[in-house]
Structure formats: structure tokens, C-alpha cells
Amino acid sequence: MDTSFSPEDLAFRDEVRAFFAEAYDEELQARMANLDTFKDAVIDWQKRLYEQGWIAPSWPKEYGGTGWTTTQKFIYEQERTAAGVRDVIPFGLTMVGPVIYAFGNDEQKERFLPGILKSDDWWCQGYSEPGAGSDLASLKTKAETDGDDYIINGAKIWTSYAQYADWIFCLVRTSNEGKRQQGISFLLIDMKTEGIKVNPIISIDNHHSLNEVEFNNVRVPKANLIGEENKGWTYAKALLAHERTGIAGVPDTKRNLENVKKYAREEVNGGRALMDDPIFQQRVSDIEIELMALEFTELRVLASVASGGAPGPESSLLKIKGTEMQQAVQELTMEVAAYYQGVLPTDLSTDQIGHDFGSSARQSYMYGRAATIYGGSNEVQRNVIAKAVLGLE
Amino acid sequence: MDTSFSPEDLAFRDEVRAFFAEAYDEELQARMANLDTFKDAVIDWQKRLYEQGWIAPSWPKEYGGTGWTTTQKFIYEQERTAAGVRDVIPFGLTMVGPVIYAFGNDEQKERFLPGILKSDDWWCQGYSEPGAGSDLASLKTKAETDGDDYIINGAKIWTSYAQYADWIFCLVRTSNEGKRQQGISFLLIDMKTEGIKVNPIISIDNHHSLNEVEFNNVRVPKANLIGEENKGWTYAKALLAHERTGIAGVPDTKRNLENVKKYAREEVNGGRALMDDPIFQQRVSDIEIELMALEFTELRVLASVASGGAPGPESSLLKIKGTEMQQAVQELTMEVAAYYQGVLPTDLSTDQIGHDFGSSARQSYMYGRAATIYGGSNEVQRNVIAKAVLGLE
Amino acid sequence: MNFDFSEEQGMLRDSVARFVQDDYDFDTRRAIADSEQGMSAEKWQTFAELGWLSVPFAEEYGGFGGGPVDVMVVMEELGKGLVVEPYLATVLMFGGLLQDGGSDAQKESLIPQIIDGSLQGSFAYLERQSRFELADVKTTATADGDNYVINGEKVVVFNGANADQLIVSARTSGEQSDADGVSLFLVPAEAAEKITYRMMDGQLVANVTFNNISVPATALVGELGKALPLIEDLVQRVIVYLGAEALGIMSQLNTKTLEYTKTREQFGTAIGSFQALQHRMVDTFMSYEQSKSMLYRAVCSLKDEDDGTDSEIHALKVMIDKAGKHIYGEAIQMHGGMGITDELDIGHFAKRLMMINTTFGNGDFHQGKFNELRYAS
Amino acid sequence: MNFDFSEEQGMLRDSVARFVQDDYDFDTRRAIADSEQGMSAEKWQTFAELGWLSVPFAEEYGGFGGGPVDVMVVMEELGKGLVVEPYLATVLMFGGLLQDGGSDAQKESLIPQIIDGSLQGSFAYLERQSRFELADVKTTATADGDNYVINGEKVVVFNGANADQLIVSARTSGEQSDADGVSLFLVPAEAAEKITYRMMDGQLVANVTFNNISVPATALVGELGKALPLIEDLVQRVIVYLGAEALGIMSQLNTKTLEYTKTREQFGTAIGSFQALQHRMVDTFMSYEQSKSMLYRAVCSLKDEDDGTDSEIHALKVMIDKAGKHIYGEAIQMHGGMGITDELDIGHFAKRLMMINTTFGNGDFHQGKFNELRYAS
């Protein structure tokens with residue numbers, strides 16, 4: 001049992017730290033914070049990571065991965081979040097990419113992987129459907145064969161950044177035979193195809209990142225089918241298992257908690273900084289202590305995977321506990337912001353309003369409610385653990 | 001909307017307060033605290049209450065009740081608990097008594113009610129059965145007709161004070177036809193009858209109050225059947241509804257919380273009284289605030305019943321919230337007792353041990369675990385509310 | 001001992017409930033909140049006609065002479081409709097200060113205007129640094145002959161965008177957080193500079209700056225330098241009223257969530273049939289009932305001032321904070337993806353609860369006060 | 001980065017686990033705990049033979065030379081069996097102080113006796129008033145020529161009933177709660193007066209009174225007046241070991257409860273099929289896994305002392321307190337009536353967890369220390 005870093009690890013840490021300090025500059029951050037320049041800024045940053053060779057740490061080296069050890073990956077994430085560096089948009093790099101290199105044919109790999117790595121293509125995800133919720137397998141969007149093509153009809157929902165996307169990867173129904181999971185296929189669709197319509201959904205944080213995507217007789221070549229027809233569910237499940245560890249989001253939550261402490265040192269109530277209030281301290285440490293444990297739960301999973309084992313039962317709690325902690329920190333930030341938690345986006349400056357983080361706290365908190373809902377709600381996660389880990393029927 | 005007391009109410013309060021101050025003397029309390037004299041002391045006290053005319057506030061006046069208003073009953077409970085006066089043993093006075101006067105025949109009323117009121121008969125309850133848990137209707141103890149008698153075979157469990165009891169009221173199965181609830185009868189059984197065996201159960205608090213009661217060919221005259229054969233479930237349910245309000249136990253919990261505060265002023269940690277520790281204060285007020293609300297929830301139910309209405313949906317939460325609060329206070333008392341929470345009964349004096357409430361805190365805490373289990377576990381209570389109040393199937 | 005409403009209170013309740021039901025559906029509310037003024041002058045006139053604006057005022061000024069229970073009844077129903085019109089700011093806060101501390105001349109001139117709907121008011125008390133401390137006042141009012149000259153800034157002023165008159169707290173003596181030395185002044189809104197912005201609960205609020213604003217001595221509300229008790233007394237009542245509004249909102253959230261779970265199907269069955277959700281809905285039901293009990297306890301304590309009113313008020317704020325978070329949290333979670341859309345009303349109920357929780361101090365702040373009051377050695 | 005146990009650690013674990021499995025079932029444990037001595041001399045001899053008593057001691061004194069991870073492995077398995085023999089008191093606390101602070105003569109004479117099982121020891125530190133403050137020492141040791149004369153009382157002394165030798169903390173200078181001025185002395189148990197009583201977790205403890213007990217200067221353990229850092233260092237490690245014992249217990253409670261809910265039927269079906277219970281069992285599972293992670297974090301921090309060891313230790317105590325209460329609470333509740341009988345082992349696991357939680361400070365105490373350490377401005 002050993003969790004210390006080797007000299008090589010420490011050198012790697014310094015390298016990463018230096019890179020972020022230099023490359024993730026203020027101008028870039030300002031462009032990311034502005035909705036008008038957000039997309040371009042993200043692409044610029046991801047291209048910079050690509051040049052650095054660090055765009056896909058989780059990919060196998062042969063497809064463009066970094067070949068890092070588990071400890072290096074862990075260090076990279078620590079440094080990334082400590083520096084406040086935004087994570088890459090996951091839809092290409094951590095979602096469809098791994099499915100393509102694992103289950104796609106050579107032609108598909110050549111065609112799609114470079115665009116993902118270089119961030120030339122912006123991907124989005126077409127899984128959920130209106131009314132289906134966590135019951136993913138009930139999906140109804142159908143793909144009917146017409147010669148060498150499929151004709152797609154149906155709709156997907158909660159599709160993040162569909163308004164920016166060049167491509168969407170979809171689960172579609174190609175058969176109604178057998179169990180519901182069995183007639184599902186995994187399909188890549190060009191968003192410029194005729195018959196696709198993107199309807200914005202304004203979310204509870206008053207922003208537009210979600211969409212409904214409608215498919216009306218959309219023609220997709222069968223060359224865009226990943227793997228075998230009717231086997232899409234298997235590929236999607238493999239994808240879910242692919243990146244178990246990142247889902248707890250511990251490094252980001254730790255950083256957000258540090259921000260809470262910083263803010264709470266500046267907020268004063270009756271002459272005492274909020275951070276000096278024992279009750280507030282207790283609220284912070286309630287979370288901090290759970291996070292300290294969760295960080296090690298994540299390390300245990302990483303270590304077990306690195307030593308060739310499968311992730312143990314402890315991995316299944318990462319999503320539940322991780323999202324609960326994210327929300328707890330978001331809530332605490334709101335408490336610190338007090339009245340200012342309610343401020344909606346405005347043209348007024350921070351100086352005019354009299355506060356600097358209320359509005360962003362609101363946005364994170366409100367949109368953060370989704371974390372326990374999407375990707376299989378925490379209720380569904382508990383059902384899964386009860387069955388798969390605890391053996392309860 | 002008005003919750004103030006009238007001058008008459010205040011005079012009544014003074015009368016009750018004076019009576020408890022005089023009658024519930026230290027010698028009596030010492031006898032109650034000693035297991036060897038416990039039973040006699042309880043009977044002496046209840047006889048004193050009988051002489052005062054206050055033994056059965058919840059009974060109709062015609063059967064020996066006090067005829068008090070709802071407010072008076074509320075005041076009586078407040079004063080009783082504020083004075084640390086032990087509640088009456090419920091099995092006769094609040095459990096079987098009301099069933100007898102509501103559903104018994106005249107002969108039964110004459111025969112049993114005086115013994116209950118005068119505390120000449122000690123009653124115990126025979127509902128639960130080994131292995132049945134909260135699923136009361138699954139009971140198997142059977143009563144078979146033999147001329148004018150029933151022959152009883154089976155066993156009851158979790159029977160408090162069966163070792164002291166003269167009588168037991170039982171639910172027994174007289175038929176296996178129809179729904180499980182339909183073949184159950186309500187029977188009164190003399191504990192001296194041949195074939196009854198009482199097996200002590202030592203509970204988690206290291207005390208003996210619970211028992212298993214075995215019935216081996218026990219002969220009971222049919223004259224001891226309450227109401228109609230196979231209707232016992234109805235009577236038992238009516239009994240459950242009879243005393244909804246007392247079940248939250250708010251006055252007792254309030255008094256226990258006051259004791260916690262007293263103890264916590266005396267416990268010192270690093271020069272600071274525990275009661276001056278902001279975190280401990282927060283733990284106390286977390287409970288105290290819920291209790292303040294629960295007290296009014298109980299008042300709302302009382303007021304609604306007093307004005308002729310049925311108890312509203314708010315009544316159903318009294319047991320759940322009340323028992324949760326009881327346990328929360330018991331837990332806090334244990335925290336205050338620190339190391340001494342573990343002390344088992346001993347012949348050593350408080351002075352020798354170095355602490356005065358650790359052992360009783362332990363006993364209350366451990367036995368208190370039963371509060372969320374017996375009388376229909378809180379899980380079953382939640383099922384009931386979900387169905388009956390929220391209309392969820 | 002009774003918890004019944006009087007016949008008059010019942011009629012008042014029905015009147016507000018009917019308005020919300022018939023004239024203030026969610027789309028109407030959204031349109032009003034999104035409008036430039038952030039409120040509807042037309043609806044406000046309806047409030048006046050229905051007599052709601054008169055409820056807490058003394059009969060001698062044309063008021064209904066209602067007590068805390070009457071106002072509570074109104075606020076609970078307004079909460080159910082997420083009504084954005086500034087009943088709290090104009091009638092209860094601005095009007096409440098006038099009623100409690102105003103001179104006869106002030107009351108005679110202004111209260112009838114509030115009652116007939118022609119005057120909008122606002123209480124400007126919050127400052128950048130003050131957080132939840134009412135005594136933390138940096139804005140100053142300096143005597144200058146018969147006048148007072150006001151300098152300073154107030155932030156997040158409720159109804160600040162629409163108010164015709166402001167009551168401003170300003171320091172006439174003492175140090176920044178002294179209890180003594182705070183005074184209240186009536187200031188015509190046009191005298192001050194303001195910037196306005198929108199809050200997530202539909203409020204259009206303002207930061208108001210006073211730059212050498214001169215007001216006559218007759219603009220003083222209450223005694224010079226002794227405004228803090230007046231303010232604290234008002235805040236106690238307002239906390240009860242906000243609690244009533246919160247209770248109305250919680251009732252809506254629980255009702256709507258319950259309905260949703262009965263119809264929403266997942267895995268082939270209504271999600272309300274899942275036991276884990278059922279037990280959680282029992283818990284939100286209990287949170288609601290406990291909040292209601294605490295509200296009743298607090299409103300009764302307002303009438304019985306020697307019986308530890310303060311701690312009941314603090315306890316109410318703590319309870320509403322916890323119950324509110326619990327109830328809106330479960331409501332959003334159980335509505336799933338729909339729960340996090342702006343389209344659905346659930347999120348809007350949540351946002352108003354969040355703003356109520358932070359107004360005049362969050363749960364932790366009040367629990368600290370409660371602890372101090374009850375446990376200080 | 002790895003969380004694997006070495007081969008030796010694996011063998012140690014198996015050895016303890018096998019003993020608990022084969023030789024220490026619940027009835028055996030009950031009989032031992034209820035016996036007059038409250039422990040089994042025979043089992044203790046087995047511990048000696050199996051080498052467990054040598055684990056933390058240096059090889060030069062005949063020890064195994066084990067580190068915190070080795071001890072952790074032993075304690076977790078002992079926890080699973082609710083083993084009442086005084087491994088903690090004699091080997092880890094008494095022995096630990098000797099190993100860390102004892103003179104060569106003391107170590108050479110006593111450690112081999114601990115290892116061969118012939119010597120029982122005890123660390124007497126707690127006083128009536130001291131609660132969780134280690135520096136709060138009223139017992140005095142006064143120099144008298146070459147001797148020290150000890151006066152005072154220690155309470156709830158673990159293994160106080162069976163100890164042959166005590167290490168006693170006593171004040172040689174300073175005021176009641178001063179950090180400086182606390183010293184440790186080796187005292188033969190028969191020199192002191194003791195009264196014994198039983199605790200709910202099966203421990204037979206003692207209150208020990210020192211009435212002008214004279215010991216030679218060679219009885220001093222560690223430096224005069226500088227014992228507090230020694231004690232604090234020991235307590236840090238012991239907290240980790242108690243955490244390991246607690247983890248073993250939590251594992252048993254979760255496993256037994258899970259098994260019970262799979263077989264126990266109510267309303268015609270196994271209660272483990274009820275979704276509300278399933279979700280709660282997922283939560284107890286998570287509490288267990290989080291505790292395990294925190295234990296690993298704490299034990300790793302012991303090896304890496306410049307990396308904020310203290311706060312990891314406090315965090316562990318907080319986590320074990322919360323998770324323990326959560327897990328035993330659910331275990332008792334889900335076992336229903338059976339859960340509250342003395343007959344079933346569930347309650348006994350709970351009681352040991354409760355005593356672990358209060359030993360060396362409960363969760364709140366340590367969270368306060370954690371807050372001080374990390375957040376003090």
C-alpha cells in the first residue's frame with residue numbers, strides 16, 4: 001500500500017503545471033466565458049492540447065493516446081483542475097471516439113478519429129428521447145433500411161451543444177424483435193443532412209446548451225453504422241464502463257470547494273468572516289471529508305484497473321457520491337453568495353452589481369441539478385448497485 | 001387561530017403542577033428506579049392517580065374518564081413530563097381498556113374495567129408473533145372451539161412485562177377462510193391459566209422487559225371473547241386509531257432534551273462547556289426546532305379532533321417524526337456521556353464510577369431503537385402514508 | 001386552542017386563490033415577469049379593487065385592520081401563484097414601516113395611496129457589505145439645517161425599479177454596525193440614481209445610489225437614531241409572511257410532483273409506484289406539514305409577544321430553509337429531465353424558495369441567532 | 001500508487017481471519033466477555049504463538065517490525081470477530097508508548113514479555129473531568145529525592161482490570177490543561193487501588209486510584225514533562241487502528257444485514273426486494289466503502305508525516321463516527337425485533353462501534369479539530 005509519487009511523477013507534475021500556466025491564458029479564458037466566442041475558444045484550446053499530444057489521455061497510444069501511467073493521468077487531472085482548466089468537450093473525445101476505435105471498422109477509424117483528435121468535428125450525443133428518461137432502452141427513433149441507406153425518423157432530447165455540432169452519434173431502433181435492448185443500433189449522422197432540425201431547450205439556469213433534435217426522413221449511409229446492426233446497446237454499455245473513474249469529478253469539486261473557502265473569507269457578517277463561523281466551517285468540512293475519502297475511492301479504482309483488475313464494487317458509487325458532492329458544493333457557494341445568488345446575466349459590470357460570483361454560482365447550481373439525473377439518474381444507479389453489487393433482486 | 005390558555009386553563013395547570021410536586025415524591029421515584037420494587041411502585045403510583053380521579057384522561061367520563069377538554073389533556077401531559085413523572089403503563093389503560101368499553105359486552109365491562117382503573121390487574125399485549133414482524137395479519141396462534149371454550153396454541157413475542165402480568169389481550173386466529181385479516185379474534189386470557197409459559201427475552205439494553213409467551217393447549221372461556229368472532233382485526237385497528245396523538249411523545253422528548261442541555265453545561269472539554277460549543281448547540285437546535293414544529297403538529301391534530309373532525313393527514317406523521325426525534329435526543333445524550341455511555345449496571349455508586357447518567361443514557365438509547373420498529377415499523381408507516389394520504393399505489 | 005380561520009379570513013383566502021386560479025396562470029406570470037416593468041400595473045389595480053392592499057393597515061387610514069393571520073393567508077395564496085407583483089415590498093415592508101413608525105402626516109398622505117394602488121414603495125436597507133446584519137449600515141444622513149443629506153448606496157432593493165417612494169435606512173450617528181444611530185427617511189425615488197437588474201425569481205431589483213440627496217426633517221420615519229428596533233420588528237413579521245409564501249410554494253411543489261409521479265411512466269410503470277420514491281414523498285409531505293406547524297407557531301407567537309417571539313421566528317426561518325431545499329430538491333429530481341427546463345414551472349417555484357431563504361438571513365444565520373438566544377451561558 | 005497488501009500482510013490477515021472463523025464464534029466471544037476476567041488467557045497465548053503480539057515491535061526486541069499497515073490488517077480482522085482480548089490496550093497502547101518513548105532498559109525488559117504473552121499492560125490517561133482533552137491532567141507526580149510520588153485517579157482504564165503494569169500520565173509541572181508538564185510513569189498495577197466495571201462492548205475496565213504511590217525515576221517513560229507529543233503521536237496511530245477495527249465491524253454488519261434481508265420474509269416476500277430498503281443498503285454500502293478509502297488515506301498519511309497527517313486522522317474519526325452510526329442504525333432497524341435482542345450479534349457489533357466512536361474523541365470533537373487545523377484564519 002503506497003500512494004506516494006516517484007521523482008518521475010513529480011517531474012511530470014511540474015511539466016503539466018508549467019504548460020497550463022503558460023498555455024491557458026487569460027485571453028482564452030475570457031473568450032470561453034463569453035457565449036459568442038465559446039465554441040471557437042474551446043476548439044482553439046483543444047487544438048493546442050492536440051499539438052501538445054495531450055488531447056486524449058485515456059485513448060490507447062496507437063490511436064493517439066498519451067501512454068501515461070495511471071498515476072500520470074491522476075496527476076494530469078489534479079493539475080488541470082487546480083489550474084482551473086476546462087475539461088475537453090467529452091462527446092467526441094471520451095464518448096464516441098472510444099466506441100469507434102473499439103468497435104468501428106478501419107475505414108471508420110481513418111475517417112473519424114483524426115477529426116475528433118484535432119477537434120475539427122464537433123460531436124453531440126443522441127441517446128435520450130422525449131419522454132423516455134432513464135429508461136434508455138425504450139427508445140423509439142427508428143432506422144429503416146432503404147438500399148444502402150437508413151431512413152431515420154424520431155427525436156432525441158437533452159442533446160448538449162447540438163447547435164454547434166457537425167456530427168451526432170445516435171442509438172436508433174433497427175428492430176422490434178426480442179428484448180428491447182436487442183434491436184438497437186449505433187449510428188453516426190452528419191448534422192448537415194436534410195431533415196434534421198435542432199430545437200433549443202432553455203434550461204433551469206436560463207442558458208441554452210440543451211436541445212431536442214428531430215429526424216424527419218433523414219437519409220444516412222449504412223457505412224455510418226458502427227459494428228453490427230442491432231448490437232448498438234452493447235457498444236453503448238461498453239462506453240459507459242469505459243470511463244468510470246472520471247465521473248466522480250473529484251478534482252473539479254475540490255477546486256470549487258477551495259473557491260467557496262476563498263469567497264467565504266471575504267463575506268463578512270456582523271464583523272466576522274463567514275469562513276470563521278464554526279457552523280459554516282462544519283458545512284465545509286462535512287463536504288471536504290467526504291471528498292477526501294472519495295478521492296481515495298477513485299484512486300482505489302484506478303489502482304485496481306492499472307494492475308489489470310476490473311474496477312471493484314467501489315467504482316459503482318463514484319457517480320452517486322461524486323454528483324452528490326458536486327451539488328453540495330454548488331449549494332454552499334449559493335449560501336455564500338446570499339442575495340446575489342439570484343442575479344441573472346446582465347450587461348452591468350461586477351462593480352456596478354456589487355458582487356462577482358453570484359451569477360455564476362446560480363448557473364452552476366441550477367444546471368448542476370442535472371448531474372443526478374442524466375446518464376442514468378442516481379435512483380437508477382442505486383437500483384443497479386442493489387442488483388449487480390449487493391445481489392438484491 | 002389561537003393557542004393561548006384561558007384563566008381556567010392556567011388554574012388547572014397550577015393544580016396539576018402542585019399535585020405532581022407533592023405526590024410524586026423521591027421515595028417513590030427511587031422505588032421505580034429499582035428493578036426489585038419497580039412493579040409495586042408503579043401500582044402504588046397508579047392507585048394514587050386513581051384516587052385523584054386522573055388515571056384515565058382519555059376515557060369517556062361514563063367509564064371513569066376525567067372529562068377534560070383537549071387543552072386540559074395537553075396541559076396535563078406538559079406538566080407530567082415537565083415534572084419527570086412516568087406515564088402509566090399503557091397496556092390496560094390505553095390499550096385494552098378502550099377496546100373493552102367500546103366493543104365489550106356489559107358483563108365484560110363490569111368485570112374488567114374496574115381492575116384496569118384501580119391497577120389491580122396488570123395487562124400485557126399479545127399481538128406480534130415470532131417471525132411475523134410488522135406483518136401482523138400473518139399471525140398463526142390459533143383458537144379452536146371446544147364446547148364453551150377455546151383451546152389456544154401458538155406463541156406471542158415482544159410482550160412487554162409479561163412476567164408481571166395478570167392478564168394478556170391477544171389476537172388469535174379463529175378461521176383460515178377469506179382474507180388473512182378476517183379470521184382473527186380478540187381474546188382476553190388469564191395469565192395463570194395452565195399451559196402458558198413466559199420466556200424472558202433480554203433486549204439490547206441488557207434488561208428484561210420483553211418476553212415470548214407460549215400457549216400450549218390453553219383453555220379460555222368464550223366469555224372472554226371481545227365482540228364477534230373473526231372481527232378482532234377491526235377492534236385492534238380501532239385501538240390503533242384511538243390514541244394517535246400521544247404517540248409522538250413530544251413532551252417526554254422535550255424533557256429529555258432539557259436534560260441534555262443540563263448535562264452539556266456540566267461537561268467540559270478543554271475549558272469550554274460542551275453546551276457552549278457552537279457545533280453542539282447546532283445539534284441541539286436541529287432537534288429543538290423540529291420538536292417545536294412537532295408540538296404544533298400534535299396540537300393541530302388535537303384541535304381538529306376536539307372540533308369534531310377526524311385527525312387530518314398531519315396525524316400520520318406523528319409516529320414517524322416523533323420516534324425519530326426521540327432517538328435523536330437519546331443519541332445526543334450518549335454523545336454527552338462520552339466514554340461513560342458504555343457503563344453497564346453495576347453495584348458501584350455514581351460517585352465511584354465518576355458519572356451519573358451514562359448508564360441510563362445507554363439503556364434509553366439502546367432500548368429506544370425499538371421505537372421505530374414496534375407498532376408497525378417506520379417503513380410500514382411510510383407505506384401506509386404513501387397509500388392512504390398521498391394516494392400512491 | 002384552535003387553528004381555524006375566521007370567516008373573513010376564509011373569504012380573503014378564497015379571493016386570492018380564485019385570482020391565482022383564474023387570472024394568473026404560469027404563462028401569464030412568465031409574461032409579466034419578463035415584461036419591461038417586471039410587474040403588471042393592471043393586476044396591481046385588481047389587488048386594490050379586491051381590497052388586498054388594505055389588509056394590514058389601520059382602519060383610520062382606510063385599511064382593513066388585519067392582523068398577522070390575515071396577511072399570512074394572503075401570502076400563502078400569492079405564493080402558490082408565484083405572484084411577482086410587489087405586495088411584500090410595497091404593502092408589507094414599505095407600508096409596514098409607515099404604519100409602525102410613520103408620523104400621522106406621513107400615514108395620512110401615503111397609506112391611502114398604497115391602498116388605492118397608486119403608490120409603489122420600497123424599503124432600501126441592504127448594502128454591499130451588510131449581508132444579513134440589519135445594523136450594518138454605512139449609508140449616512142447628515143443634518144444640514146432643517147434637512148438631512150443622504151449619501152450611500154443600497155443594493156438588491158426589492159421593487160426598487162418601480163417604487164415611487166423609498167424608505168432608506170441611514171446612519172445619523174455611531175459606528176458602522178452600532179445598534180444605535182440608524183434612522184429611516186422617506187425619499188422620492190426620482191431623487192436617487194438607480195440601476196436595475198433581474199433576479200431568478202422574477203424580481204426586477206435595483207441598486208440605488210444617494211449622492212448628497214437632501215430631504216426635510218419631516219421625511220424622518222420613526223425616531224431619530226432609533227430605527228433598528230422598528231426595522232427588527234418589521235423583519236420579524238416579514239419572516240412570517242415569507243414563511244407563508246414559502247408554504248404556498250411547497251404545497252404546489254409537493255402537489256405537482258405527486259401528480260407527476262402518478263402519471264409519469266418509466267420501465268413500464270408509473271414512477272410513483274416505486275417504493276423508494278414513495279418513501280421520499282412521505283418525507284417531503286412531512287417537511288411540508290412540519291413547516292406549516294412552525295408557521296402557525298410563529299404567527300401565534302407574534303400575537304403573544306412576551307412568549308419568546310424571537311426564537312420562534314428564527315426557528316421558522318431555519319425550518320423553511322431546510323424544508324424548502326428538501327422539497328424543491330426532490331421536486332426537480334423526480335421530474336427528471338423536465339425538472340431542469342425553464343419551460344416547466346417547477347424550477348421557478350424552486351428559485352423563488354431559494355430567494356426567500358436568503359432574504360433577511362439564511363437558515364444557518366437564524367439558527368445561530370436561535371442558539372445565541374436559547375443556549376448562551 | 002497501489003493499495004495492495006504485501007504477501008506477509010496477506011498471511012497475517014489470513015491468520016487472524018482463520019482464528020476468528022474457527023476459534024472465536026459469537027458464543028465463544030460472549031462466554032469470554034461474560035467471564036470473570038473478561039478475556040481469555042488461553043486465547044491470548046494463541047495470539048502470542050501466532051506472532052500477533054509481536055507485530056508492531058522492533059526486531060531488536062524480538063518484534064516483527066511491522067508498520068501501520070500490518071497493524072491495520074490485524075485490527076480489521078479482530079474487529080470482525082469482536083475480539084475482546086486487550087490487543088489494543090496491551091500491544092498497541094501500552095506497548096506503543098514503550099516502543100516510542102521507553103528507555104532501552106524498559107524496552108528490553110518489557111517488550112519481550114508482551115510478545116510472549118506473559119505481560120498485560122494498560123495506558124491510564126483518562127480522568128473524570130478530562131473528556132477528550134489529552135492535556136487535561138490533574139493527576140500529579142511530585143519529585144521526592146530520586147523518586148516520584150503519584151496522586152490522582154484515572155477512570156475507564158482499558159484493560160485496567162487485568163493489567164500487570166500501567167503507564168500513567170501525570171502532571172510534573174504546569175497548570176491543569178497545559179501542554180507542557182505531562183509525564184508518563186510505569187507503575188506496577190498492584191501498587192494502585194482499583195475498582196472494576198463492565199462496559200457494553202464487553203470490556204472490563206477500571207477506575208484506578210493512586211494514593212501517594214512512589215516510583216523510582218527509572219519508571220519515567222520518555223522525557224520529563226514532554227509526554228504530550230508522545231501521547232498525541234500514539235493516539236494518532238491508535239485512531240487509525242480503531243478505524244480498522246471499525247471497518248471490520250461495519251463489514252460484518254453490512255454483510256449480515258444484506259444476508260438477512262435476502263431471507264427474511266414480510267408480506268410474503270423477502271424484505272430485500274423492497275426498493276426503499278435496497279436504496280438504503282446501497283447507502284450503507286457506500287458508507288462502508290468511503291470509510292475504507294478514508295482509512296487507507298489515513299494509514300498512508302502516517303507514513304508521510306509532512307503531508308498533513310493530523311487532518312487525515314481527524315477526518316478518519318469523523319468518517320468512522322458517521323458511517324458507523326449510519327451502518328449500525330440501519331442494521332438494527334432492518335433486523336426489526338430481532339435487532340433489539342441481546343441474543344443476536346448485531347447489537348453487540350453496534351455497541352463496540354459506539355465505544356470506538358467515543359474513544360479518543362467523538363466525530364464532532366475531531367471535526368472541530370479538523371476545522372481549526374484547516375480553516376483557522
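I looked up C124(A) in this predicted model and found it buried, because its relative accessible area is 0%. I then turned to the cysteine with the nearest sulfur, C170(A), and noted that the separation from C124(A) is 7.4 Å and that C124(A) is in no disulfide. C170(A) is likewise in no disulfide, its nearest cysteine sulfur being that of C124(A), and with a relative accessibility of 1% C170(A) counts as buried too.

I asked myself why the two are not counted as a pair: a disulfide needs cysteine sulfur atoms within 2.5 Å, whereas the sulfur of C170(A) is 7.4 Å from that of C124(A). Going over all chains, I recorded zero disulfides in the structure.

Next I went to chain C, where I wanted to know which residues form a negative surface patch. I listed D22(C), D23(C), D25(C), D27(C) and E42(C) as its members. Of these I checked D22(C) individually: I placed D22(C) in helix 1 of chain C, which covers residues 7-23, and I noted D22(C) as exposed because its relative accessible area is 53%, where exposed requires over 50%.

My last entry concerns chain D, where I found P229(D) within helix 7, spanning residues 227-263. Is P229(D) buried or exposed? I entered P229(D) as exposed, since its relative accessibility comes to 51%. I also took the C-alpha separation between P229(D) and H348(D), which are 119 residues apart along the chain, and wrote down 34 Å.

Definitions and conventions:
Residues numbered from 1 in each chain as written. Chains lettered and ligands numbered in written order. Predicted model: local features only at pLDDT ≥ 70, side-chain atom pairs only at ≥ 80, totals over all residues. Heavy atoms only, no water. Patch = residues over 30% accessible without salt bridge, like charges linked within 9 Å, V, L, I, M, F, W, Y side chains within 5 Å. Areas by Shrake-Rupley, 256 points an atom, 1.4 Å probe, with all protein chains shown as cover. Salt bridge = Lys/Arg side-chain N within 4 Å of Asp/Glu carboxyl O. Lys, Arg positive; Asp, Glu negative; His and termini not counted. Charge placed at Lys NZ, Arg CZ, Asp CG, Glu CD. Helix = DSSP H or I, 4+ residues; strand = E, 2+ residues; numbered from the N terminus. Buried < 20%, exposed > 50% of the residue type's maximum accessible area, 1.4 Å probe, protein only.
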